Amino acid sequence: MSGPSAILARLSDALAAHGLFIRGVVDLDASGPRPTLGDGSTARAVALVGPIGGSLWPAFSRWRATQSDQGGPHPLDAWSKSILTATAQIFGATAYFPSDPPYQPFQSWAKQAEGLQASPLGILMHPQFGLWHSYRGALGFSHPLDAPVNTRDTVHSCDHCSDKPCLGQCPVNAISVEGFDVRSCRAHLATEAVQAGCMQKGCLARNACPVGQAFRYPGPQLRFHMQALGPAPE
Ligand code: B12
């Protein structure tokens with residue numbers, strides 16, 4: 001078997017050892033932007049790859065401990081690249097990474113693949129995993145992957161959340177219905193007082209979301225992401 005479903009099954013197996021999952025598949029038609037493949041041609045499909053809850057943390061931590069520089073200034077990106085560049089080669093695909101400009105539209109792809117919608121934090125809300133999921137890369141293919149057409153009416157949990165506890169938790173009101181004010185968030189993260197709050201416990205607004213609590217990241221991972229978001233550069 002070598003059709004799209006066999007490719008996806010093999011890809012899924014290859015990712016599992018790293019705590020990563022296929023997080024959605026999109027067949028790209030000419031009506032929207034399509035990324036360029038390594039050989040200069042146009043991608044016809046992408047498979048999104050990422051963790052669910054804290055699934056990547058054990059494999060990432062083990063890898064980091066083997067690195068003389070702890071993985072460098074952007075260890076999670078470095079780890080993701082080490083895995084997905086090699087995986088792409090095996091599958092004749094091209095790897096794209098969320099933090100590499102020009103930014104590929106990861107969230108738009110996820111919306112297409114799974115019908116997800118944004119929470120007030122900007123992070124996509126997943127009906128099962130809540131805010132506790134992300135994307136570590138995408139693999140672009142020269143052929144369609146027979147992505148299931150997303151006919152599911154994915155429930156957008158925020159529409160059914162009347163209390164919206166996420167909106168009341170940020171100590172500097174950086175999260176509002178108008179969006180995420182990254183400047184005031186980072187300025188706050190630079191203060192001493194916050195060491196016991198957001199930097200220690202993770203984003204208080206994200207923590208307050210009642211959806212997918214079982215998938216909340218472990219403490220060390222929460223702190224790692226807060227460090228990465230970091231205080232405002234002067
Ligand atoms: C730039 C960026 C940021 C900037 C946002 C600046 C701004 N106000 O626009 C900063 C540094 C602030 C940021 C912060 C965070 N981000 Co961010 N970010 C990105 C990045 C690299 C590019 C976004 C972009 O411009 N895309 C280009 C356009 C063309 O793509 P698009 O999919 O069509 O665009 C969508 C997004 O831009 C989104 N959007 C617009 N404004 C904002 C603001 C925020 C905070 C977010 C998260 C999304 C978002 O709406 C667009 C339509 O869907 C993406 C990765 C990516 N390549 O998409 C991650 C990404 C969106 N971020 C992500 C995450 C997880 C975070 C953080 C939680 C990380 C952390 N360390 O805590 C925080 C959020 C803080 C919070 N509110 O709790 C995830 C979201 C996963 C998910 N479940 O949806 C992504 C996909 C990266 C990943 N590896 O998975 N982020």
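User: Where does the ligand sit in this structure?

Analyst: The ligand sits in the largest pocket of what is a predicted model, in which local features need pLDDT of at least 70, side-chain atom pairs count only at pLDDT 80 or more, and totals for chains, interfaces and linings use all residues. Residues are numbered from 1 along each chain as its sequence is written, and side-chain values use heavy atoms, leaving out hydrogens and water. A pocket is found on a 1 Å grid over the protein atoms alone, as an open set of points where a 1.4 Å probe fits, with protein on both sides within 12 Å along at least five of seven lines; a molecule sits in it if more than half of its atoms lie within 2 Å of its grid points.

User: How many residues surround the ligand, and which are the closest?

Analyst: A residue counts as near if one of its heavy atoms lies within 4 Å of the molecule; here 24 residues surround the ligand, the closest being Gln107, Ser108, Lys111, Leu124 and Tyr135.

User: Which polar contacts does the ligand make?

Analyst: A polar contact is a pair of N or O atoms within 3.5 Å. The side chain of glutamine 107 places an N or O atom 2.8 Å from an oxygen atom of the ligand, while backbone N or O atoms of histidine 133 and tyrosine 135 lie 3.0 Å and 2.7 Å, respectively, from a nitrogen atom of the ligand.

User: Why does the ligand lie between the domains?

Analyst: Domain bounds come from an automatic or database domain assignment. Domain 1 (4–141) and domain 2 (161–229) both contribute residues to the shell, so the ligand lies between them.

Terms used. A polar contact is a pair of N or O atoms within 3.5 Å; within protein, one must be able to donate a hydrogen and the other to accept it, and residues adjacent in sequence count only if both atoms are side-chain atoms. On a 1 Å grid over the protein atoms alone, a cavity is a set of points where a 1.4 Å probe fits but cannot get out, and a pocket is an open set with protein on both sides within 12 Å along at least five of seven lines; lining residues have an atom within 4 Å of a point.
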